[in-house]
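Q: I have a structure open in front of me and would like to learn how to read it. Could you walk me through it, one feature at a time?

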Amino acid sequence: MKTIEDNAREIATHTLAHVAEKKGRRVMIAIAGAPGSGKSTIAEHVVEQLNREDGISAALFPMDGYHYDDAVLEDMGRRAFKGAIDTFDAHGLRHMLVRLKANEDDVIAVPVFDRSIEISRAGGRLIPQSVDIIVCEGNYLLSHQTPWNLLKPIFDLTVFVDVDENDLRRRLQDRWRGFGLDDAEITRKVEENDLPNGMSIISASAEPDLRVKNPGSGQNEF
């Protein structure tokens, strides 16, 4: 059975092939999957693998920075469903991806979601022009739903992290348990929001260039 490192190496190998083809132009990678699938951990390992290569610079760009603020979600009546596809700024994400791919600015500030406070921090990460590869990870990067379906053509390589329903449920429970929530609140979040979102993501995503199966323990693998 493949490990997370094996998956990261496989994705990195495919990515480097695209770097060779692009001849100096920035390469954009999408790693998609359900919440709890392990996509974030795999993406981090891919970036680490790529940065070990001579003459290569890679940076991580999480989709979660484009969560709507809680105040906006309250006004929308969607605060309880935070993480659903309509609780993200899809257009803002698309414009940022296009800007990152064009690589015309000396440095680009991107937002980063801080899960400890459940808020996106504007300008939370800087990506300089010298970065060769952007690894973007997120739930809806391959969604068929408009306007999310405009994202896939931006990427040079798309990856989907597969996970079965029982494993996904366990991973999601572990995630919220790590934040100190009680069993009732964990059950509510998982069964009423996260798991339905996850199964929808699995069934309604475009076919990727590459599929990987995350065999990890599930803890801290989101």
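A: Gladly! Let us begin with a word we will need often: a residue is called buried when its relative accessible area is under 20%, and exposed when that area is over 50%. Keep in mind that this is a predicted model. As a start, take W148: its relative accessible area is 3%, so W148 is buried.

Q: Which residues form one aromatic cluster with W148?

A: The general idea comes first: a pair of aromatic rings is described by the distance of the centres and the angle of the planes. In this structure, the cluster is made of F88, Y140 and W148.

Q: How many aromatic pairs are there by this rule?

A: The count is four aromatic pairs. One of them joins F88 and Y140, with 5.8 Å from centre to centre and 65° between the planes, an edge-to-face arrangement. This pair links distant parts of the chain, for F88 sits in the loop between α3 and α4, while Y140 sits in the loop between β5 and β6, 52 residues apart. F88 is buried, with a relative accessible area of 3%, and Y140 counts as buried at 6%. Then there is the pair of F88 and W148: the ring centres are 6.3 Å apart and the planes stand at 85°, so this pair is edge-to-face. Here too distant parts of the chain are linked, as W148 lies in the loop between β5 and β6, 60 residues from F88.

Q: Now a helix, please. What span should the 13 residues of α4 have?

A: At 1.5 Å a residue, helix α4 (residues 90-102) should span 18 Å, and its end C-alpha atoms are 18 Å apart, which agrees. The buried residues of α4 are A90, G92, L93, M96, L97 and L100. They cover an arc of only 155° around the axis, which puts them on the same side of α4.

Q: Why can residues that are not next to each other point the same way?

A: An α-helix has 3.6 residues a turn, so residues three or four places apart point the same way. Back in our helix, the buried residues of α4 are covered by elements that include β1, β2, β3, β4 and β5. After α4 comes N103, whose phi is positive, near 55°.

Q: Where does α6 bend?

A: The bend in α6 is about 40° and lies at V190. You can try the span check on this helix as well: α6 has 21 residues (183-203) and should span 30 Å at 1.5 Å a residue; its end C-alpha atoms are 28 Å apart, which agrees. Buried residues of α6 include I186, V190, N193, D194 and L195. Among the elements covering the buried residues of α6 are β1, β6 and α5.

Q: Is N193 buried or exposed?

A: N193, in helix α6, has 7% relative accessibility and so counts as buried. Setting aside residues up to four places away in sequence, N193 touches A80, F81, K82 and R188.

Q: How many residues of β1 are buried?

A: Seven of the seven, so β1 is largely enclosed by the rest of the structure. To read a strand, look at both faces. In β1, V27, I29, I31 and G33 are buried on one side, and M28, A30 and A32 are buried on the other.

Q: Which strands does β1 pair with?

A: β1 runs parallel to β5, and six bridges join them. One place to look is A30, whose bridge partner in β5 is C136. β1 also pairs with β6 in the parallel sense, over five bridges. There, I29 has L157 of β6 as its bridge partner.

Q: Let us finish with one residue of α1. What does I11 touch?

A: I11 is found in helix α1 (residues 4-22). Not counting residues up to four places away in sequence, I11 touches I31, I42, V46, L157, V159, L210 and V212. With 0% relative accessibility, I11 counts as buried. You can also compare separation in sequence with separation in space: I11 and S40 are 29 residues apart in sequence and 13 Å apart in space, C-alpha to C-alpha.

Key
Residues are numbered from 1 along each chain as its sequence is written. This is a predicted model: local features need pLDDT of at least 70, side-chain atom pairs count only at pLDDT 80 or more; totals for chains, interfaces and linings use all residues. Side-chain values use heavy atoms; hydrogens and water are left out. Helices (H or I, at least four residues) and strands (E, at least two) are DSSP runs, numbered from the N terminus. The expected span of a helix is 1.5 Å times one less than its number of residues. Buried means under 20% relative accessible area, exposed over 50%, partly exposed in between (1.4 Å probe, protein chains only). The arc is that of the directions from the helix axis to the C-beta atoms. Contact means heavy atoms within 4.5 Å. The bend at a residue is the angle between axes fitted to the seven residues ending there and the seven starting there. Two strands pair if DSSP finds at least two bridges between them. Rings of Phe, Tyr and Trp (its six-membered ring) pair if their centres lie within 6.5 Å; planes under 30 degrees apart count as stacked, over 60 as edge-to-face and the rest as tilted.
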